[in-house]
Amino acid sequence: MNTFGACHAQTQMSRRLQTPAGTLLKRLSLEARINVCASHSGWRVDCIDQGLPNIVTGDLIVPRPDHASNCSSDNPERAALIGSRTLRRHVRVLIAACTVLLSTQVTSADLLIEDAIILTLAEGVDEPFTGHLVIRDGRIKSVGAGKISATERAGLQSLKVVDAAGKIVIPGFVSGHNHLWQSAFRGIASDGELYPWLEALHWTYGDYFGDGDLYAFTLHGALDQLGHGITTTYSHSQRLGATEVQYLESLDASLAAGQHFVFAYNADLNQLAAAVRADVDALVSRADKADNPLLLGLSLNSVGNHAADPTMFAVEMELAGEHRMTVQIHYLEQASRRFVERLKWPEFLEVGAVAPHVSYAHFIHTTDQIVADTGHLGGAMIWNPLSNGRLASGLADIPGYLEAGIRVGMGVDGAASADIADPFENMRMGLYGLRMKYSNAGVMQPIDMLRLHTLRTAEVLEVEKEVGSIEPGKRADLLIVDPRFPLTGSVTDPAATLVFACSSANIEQVYVGGELRATRGVPAGHDISALQLDVEQRVARIKAAVLLAQDAKSR
Ligand SMILES: [Zn+2]
C-alpha cells in the first residue's frame, strides 16, 4: 500500500467504487480499494475477502492493457495469496468488476465507425445512408454520410476505428416493460394465461426468495437483455416475498449490469400509504447517492388500485408528482378480467392516473371511452407482443391507439412470459399480428416498428433526450448488426431486412454509452458461466423449499 499511497488518483478512484463495480464487489462480500498508480502504469487492487478466514488481506496488481508487467513493489506474500483457488476465483470476478469500473470511468479514445449503413431513427429521418459516426466520452459526437472529412479526422483523440462495411448500425433497443428477475424462470406454466401463470410463478416461488436471489436473477435478466441488443430497459421491479433489503437488490443488480435503465419501484401492497411514502423517499435518496449514469430515472410500478389501503393509489400519484417520476401500471392484460378491470377506470381518472407521465403495460382490452380518455389526456401504453402471445392475452389495437393520440412504446416483458428477450422477434410478432388482424400489409411498416422499439419507447419513459436514436449529443447506445451472419441474403431495404430477416443472433456488437458491452450475444465484464450456475443453484433451492412446504402441508 505504501508505494501507491502518494498517488494523486487514489482518492478519486476509491470514491468511484460507489459505481456498478463497487456494488458488485459488495455483493461478493469483498471489500476493495482500487488505486491508480500513474508512475507504475498499473491499477492496484487491495482486496479483503471476509469469507476466507485464513486470508486477511491481499494486494493484486492488475496490469493496464498498455503495460504488460506488474509493478515492482509486489509483496512476496502476494503469490501465496493468489495461489489459493478460492481467492483466484474471487480475484477473477474482481478483475472483471474492475474492468467494468475502469472502462466506464476512464476517458476513452474517440471511436470512429466507418462505412456503415446507418439508420439513425431520429424523428423524421426514415432513410438509411452509408456513412460514419464518431463517439467521444460516451456520447455521439457526429454522424454523417460518406467518409469523415480529413479535417474532422485530424481532430480526433487516440482514435479507434471500426470498419462496419456491409453492416447496419441502429440505436440500441429500448424496452419499456421488463421484470428482469424472471430471466431465471423460463418455460413456466406453458399452458397458462396470466393468472394461472402468476399462480405457478409469483405465488408459488415468491415467498421462498432469500438473500441474493433477486440480485442474481435480476443481473441474469439484464445481461441477457444486453446480449439481445437492449441497451435501455424499464426495470419494472417486483418485490415478491422479499424483505425491503432483499427487494432493493434488484436495483443494485441493475447498477452492476452495464445497461441503461429506469428503475420502477414496487410499493408493498401490505403497507399503509404513509409507509410507502417513507420508502419512496428513501429510494430517491439512495438513487441520488448512487449517482450512477446508467440509472436514467426513477419510476413507480403502481399497484395502488389493488392495495388494501384505499388511499394508496392517490398517494402513489402524489409521490410521482413530488419526485417528478413516471408511473407504469399493469392494466387490461387478461381477457377474462376485462370487465372488472374496466370498472376501475373512473378511479384512474379521479387520482390523476391518466396523464402524459403514466403508461399502461399491455392495455389490450380497452373500451372506446378508455381509448378516447387516454388519447385526450396524453397517456401512453407499452406493447409487449411476445408476452401477449405467450399468455394468450390478445392483440392490442396499436393503429387505433395511435389514431386516438395514445403514445405507444414496446417492451419484451419478463423472460418468463416472453421467454427470449429478442426485440427482433418482438417486432416481427407484433407486426405480423397486426397484419393478420387487419388483412392489410399497409397497416404498419418495418421502419415504424424499429422506431417504436427505440425512440418512441424512450419518449414514453421520458428518456428520449439521452437515448433512443443516433443523434449528436445523445449517449452512444448502438448496435452493429451483421446481416451476413447468420445469412439473410442481400440487403435491399435495411429496415425490412432488420425486422423481417434478422434476429438478435445478427448483432455483432452492443455499445452502451460508447462502451462495448456485448459481442455476439456475450456480455462483457461478467462471468456468465458462474452467474448461470449460481442462478441454477438458487432456483433449485427455491423449488426444493416449495416441495418441502407442499409435502408438509399435505400431511
Ligand atoms: Zn408485466
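**Exercise 1. The parallel sheet**

Which residue is the bridge partner of tyrosine 331 in β14?

Solution. The model is a predicted one, in which local features need pLDDT of at least 70 and side-chain atom pairs count only at pLDDT 80 or more, while totals for chains, interfaces and linings use all residues. Residues are numbered from 1 along each chain as its sequence is written. Begin with the strands themselves, β13 with residues 326-331 and β14 with residues 358-362, which pair in the parallel sense over five bridges; strands and helices here are DSSP runs numbered from the N terminus (E of at least two residues for strands, H or I of at least four for helices), and two strands pair if DSSP finds at least two bridges between them. The partner of tyrosine 331 in β14 is histidine 362.

Next, place this pair in its sheet, which is open, has eight strands with parallel pairing, and follows the order β9-β10-β11-β12-β13-β14-β15-β16. The edges are taken by β9 (173-178) and β16 (407-410), and because each has a single partner strand, one side of each is left without a neighbour in the sheet. On average, neighbouring strands are turned by 25° against each other, with direction ignored.

**Exercise 2. Helices on the sheet**

Determine which strands are touched by helix α11 and which strands helix α12 lies across.

Solution. Helix α11 (residues 273-290) packs on the sheet and touches β11 (260-266) and β12 (295-301), and its direction makes about 170° with that of β12. Helix α12 (residues 312-323) lies across β12 and β13 and runs at about 160° to β12. These angles run from 0 to 180 degrees between N-to-C directions, with axes fitted as lines to C-alpha atoms, for helices over the stretch in contact; contact itself requires that the C-beta atoms of two residues, placed from the backbone, lie within 7 Å.

**Exercise 3. The packing of α8 and α10**

Describe how helix α8 and helix α10 pack, and state how many residues of α10 are buried.

Solution. Helix α8 (residues 213-227) packs with α10 at an angle of about 35°, their axes being 8 Å apart. The contact involves residues including Leu214, Tyr215 and Leu226 of α8, together with Glu249, Asp252 and Ala257 among those of α10. Sorted by kind, the contact residues divide into nine nonpolar, three polar and two charged, where Ala, Val, Leu, Ile, Met, Phe, Trp, Tyr, Cys and Pro count as nonpolar, Asp, Glu, Lys and Arg as charged, and the others, Gly among them, as polar. As for burial, nine of the nine residues of α10 (residues 249-257) are buried; a residue is buried if 20 or more other C-beta atoms, placed from the backbone, lie within 10 Å of its own, exposed if 12 or fewer do, and partly exposed in between. Just after α10, glycine 258 takes a positive phi of about 100°.

**Exercise 4. Two loop residues**

Is leucine 121 buried or exposed, and is arginine 324 buried or exposed?

Solution. Leucine 121 is found in the loop between β4 (111-118) and β5, and has a positive phi near 60°. With 23 C-beta neighbours inside 10 Å, leucine 121 counts as buried. Arginine 324, in the loop between α12 and β13, also has a positive phi, of about 55°, but with 10 C-beta neighbours inside 10 Å arginine 324 counts as exposed. For background, most residues other than glycine have a negative phi.
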